[in-house]
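Take a slow look at the model below and turn it around a few times. Then come back, and we'll walk through it together.

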Amino acid sequence: MEKYQVNIKLSSIKKNKDAGQTTTFLPGRKTASFEAYQLPEYFKHEDNCIINEWTEMDGIKKDFKGVIISEDLIQKCIEEKPNVNISVDFERQYIIHAPIPEYSYDYENIKVNCSYCGKKIFTKDLKADEFWDGENEYYSNEICPECGESDCCDLIYETIKDALKRAGKN
Ligand SMILES: [Zn+2]
């Protein structure tokens, strides 16, 4: 089987500023609590806010407290600054993952020959899949997109260490 070396695209190497981190924060939903002597008419109970408390005197409602449940209404309060005190809470959502590597990079897309059908194919077009060969579970990253044979060529992927050396950065 023909052997090919697939190099890292030097221009694609990026140093990750969050290298080593195992958590990523996602933009969470915003809610806000509010307090106001009088509420603007666009505060609609159970539509964009929940009014929890108020006092009533001589038939006039005042001193409202509650929660804003619409991000649009929070935005409106931030921009228009009505006479409403709001305090915004972020729901802190995050995911835990394997540590972010020091570098991210892409490999060159090179042309190789399939050792089964002989067609010229690009490494980016190779498919990956799992197989069961009757005895063992088996994984191939080098499935020919033309004839469907697994391990259709022998690829050696450059390591980031070697690529950095080649780039003169290490
Ligand atoms: Zn093939």
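We'll begin with the whole chain, then visit one sheet, and finish at a single residue.

First things first: what you're looking at is a predicted model. The chain's secondary structure adds up to two helices and 14 strands. Its radius of gyration is 30 Å, well over the 15 Å that the globule rule gives for 170 residues, so the chain is more spread out than a compact globule. You can get a feel for that from the box its C-alpha atoms fill, roughly 90 × 45 × 30 Å along the principal axes. Buried residues make up 11% of the 170 residues. And if you take the contacts with a separation of 6 or more, 67% of them join residues 24 or more positions apart.

Now for the sheet. In what order do the strands of the open four-stranded sheet sit? Reading across, the order is β5-β6-β4-β7, with antiparallel pairing. At the edges you'll find β5 and β7 (85-90), each pairing on one side only. From one strand to the next, the twist averages 20 degrees. Strands of a sheet pair through backbone hydrogen bonds, either parallel or antiparallel.

Let's cross the sheet pair by pair. Strand β5 (residues 49-57) runs antiparallel to β6, and seven bridges join the two. One spot to look for is Glu-56, whose bridge partner in β6 is Lys-61. These two strands form a hairpin with two residues between them, and there Asp-58 takes a positive phi near 50 degrees. Next over, β6 (residues 60-68) pairs with β4 (residues 30-36), again in the antiparallel sense, over five bridges. Here Ala-36 stands opposite Phe-64 in β6. On the other pairing, β4 and β7 run antiparallel and are joined by six bridges; look for Lys-30 opposite Phe-90 in β7. While you're tracing these strands, keep in mind that in a regular strand the side chains alternate between the two faces of the sheet.

Last stop: Ala-163, which you'll find in helix α2 (residues 160-166). Is Ala-163 buried or exposed? Count its neighbors: 20 other C-beta atoms lie within 10 Å, so Ala-163 is buried, as the cut-off for that is 20 or more. Leaving out residues up to four places away in sequence, Ala-163 touches Asn-7, Ile-8, Leu-10, Ile-13, Tyr-105 and Glu-158. For a sense of scale, try Tyr-42: Ala-163 and Tyr-42 are 121 residues apart in sequence, and 59 Å apart in space, C-alpha to C-alpha.

Conventions: Residues numbered from 1 in each chain as written. Predicted model: local features only at pLDDT ≥ 70, side-chain atom pairs only at ≥ 80, totals over all residues. Rg over C-alpha atoms; globule rule 2.2 N^0.38 Å. Buried ≥ 20, exposed ≤ 12 C-beta atoms within 10 Å, placed from the backbone. Contact = placed C-beta atoms within 7 Å. Pairing = 2+ DSSP bridges. Axes fitted to C-alpha atoms, helices over the stretch in contact; angles between N-to-C directions.
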